[in-house]
Every structure is written in structure tokens, then in C-alpha cells.
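Colleague: I'm new to this one, so could you walk me through it and explain the terms as we go?

Modeller: Gladly, here it is.

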Amino acid sequence: MIKIMFVCYGNICRSPMAEFIMKDYVAKKGDADKFYIASSATHTDGLGCRPHRGTRQILDRLNIDYSGKVGVMLDSSDYEKYDYFIGMDEDNRRDMKRRLFGDPDGKVHLLLDFVKNKREVADPYWTGDFEATLSDVQEGVAALYKFLTERN
């Protein structure tokens with residue numbers, strides 16, 4: 001089983017969007033049983049909060065269930081539990097490495113490291129553009145899935 005932890009600043013916008021889009025993607029590919037997928041935050045701002053309204057609207061429109069999701073914190077003990085930590089921007093990468101006490105096994109990546117045009121996923125909490133985030137997340141999820149299934 002491939003264990004993936006998506007990570008962003010508050011675990012209310014980008015990482016839960018990626019978590020549930022990836023879960024839906026692997027289910028549609030018939031591979032749900034091959035993956036364990038979760039998401040978490042590097043900061044405490046969204047702990048215990050439901051996903052942001054903009055993320056909920058996107059997931060609702062796509063008929064993707066996210067019930068029960070609340071913001072949780074990335075913990076150093078997660079490093080041994082997950083195979084991949086997928087952040088959204090360079091700040092996330094830095095914060096993940098800080099919270100995980102480094103990255104000795106090379107598990108920390110950015111979602112758009114797997115696409116042709118590498119870039120960061122902009123934070124819609126600040127930009128307000130949840131559609132652009134959705135486009136980036138969908139592109140990143142497809143590329144990540146391809147990478148993982150070709151590798152494993």
C-alpha cells in the first residue's frame with residue numbers, strides 16, 4: 001500500500017482538496033485499495049476546522065465526499081507512517097522538513113514536482129482563486145498517480 005500525506009499551511013484549502021481529489025482519482029482507476037491518503041497542516045491556524053468554503057464548494061460540485069474532515073497537524077511521528085509527503089509550495093516543503101526533523105529518506109516533495117511545468121500551487125486562501133487551485137491539483141494528482149504506478 002502506498003501511503004500519501006498531502007500537506008499545506010492550514011489543512012483547510014489545498015491539502016484537503018488534493019486528499020479528496022486523489023482519493024476519488026484512485027477509486028475511479030480501480031486502485032483505491034492500493035493507497036492510503038490523508039492530509040495535514042504545518043501550522044495550527046486551521047486545526048479542528050472543516051475545509052474552507054471554497055474547497056467544499058469545489059468538492060461538492062465534483063460530488064466528492066469529504067465528510068468528517070477537519071484540519072489536523074503534521075506530526076514528526078508521521079514520517080515513519082507515510083511513504084510520501086506532498087506539499088503545495090516551497091514554504092510547505094521547508095515547514096515539513098522542519099516538523100519532520102529533516103527528510104533522510106527523500107519522502108518530501110511538492111505536488112507539482114511531478115508535472116512538466118513545475119511550479120507551486122497558489123494558496124486560494126489568499127488568492128481567492130479556487131478554480132486555479134483545482135486545475136493545479138488535478139494536474140498534479142494525475143502526474144503523481146502516473147509516477148507512483150509506474151514506479152511501484
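Modeller: Keep in mind that this is a predicted model. Let's start with a side chain: a polar atom of the arginine 14 side chain lies 2.7 Å from the backbone oxygen of valine 121.

Colleague: What makes the pairing of arginine 14 and aspartate 89 a polar contact?

Modeller: Their side chains are joined at 3.0 Å, and the cut-off for such a pair of N or O atoms is within 3.5 Å, so the pair counts as a polar contact.

Colleague: Is arginine 14 buried or exposed, and how do you know?

Modeller: Arginine 14 has 1% relative accessibility. Buried means under 20%, so arginine 14 is called buried. Beyond its neighbours within four places in sequence, its contacts include Tyr9, Met88, Asn92, Pro124 and Thr133.

Colleague: Where is arginine 14 found?

Modeller: In helix 1, which spans residues 14-28. The axis of helix 1 comes within 9 Å of that of helix 6, residues 130-151, and the two cross at roughly 50°.

Colleague: Why is helix 1 called oblique to helix 6?

Modeller: Under 35 degrees would be roughly parallel, and roughly perpendicular begins at 65, so an angle of roughly 50° makes helix 1 oblique to helix 6. The crossing of the two is right-handed.

Colleague: Which residues make that contact?

Modeller: Among them are Arg14, Met17, Ile21 and Tyr25 of helix 1, with Phe130, Thr133, Val137, Gln138 and Leu148 of helix 6. The contact residues divide into 14 nonpolar, 2 polar and 1 charged.

Conventions:
Residues numbered from 1 in each chain as written. Predicted model: local features only at pLDDT ≥ 70, side-chain atom pairs only at ≥ 80, totals over all residues. Heavy atoms only, no water. Axes fitted to C-alpha atoms, helices over the stretch in contact; angles between N-to-C directions. Helix = DSSP H or I, 4+ residues; strand = E, 2+ residues; numbered from the N terminus. Parallel < 35°, antiparallel > 145°, perpendicular 65-115°, else oblique. Left-handed = near helix turned anticlockwise from the far one by under 90°. Contact = heavy atoms within 4.5 Å. Nonpolar A, V, L, I, M, F, W, Y, C, P; charged D, E, K, R; others polar. Buried < 20%, exposed > 50% of the residue type's maximum accessible area, 1.4 Å probe, protein only. Polar contact = N/O pair within 3.5 Å; in protein donor to acceptor, adjacent residues only side chain to side chain.
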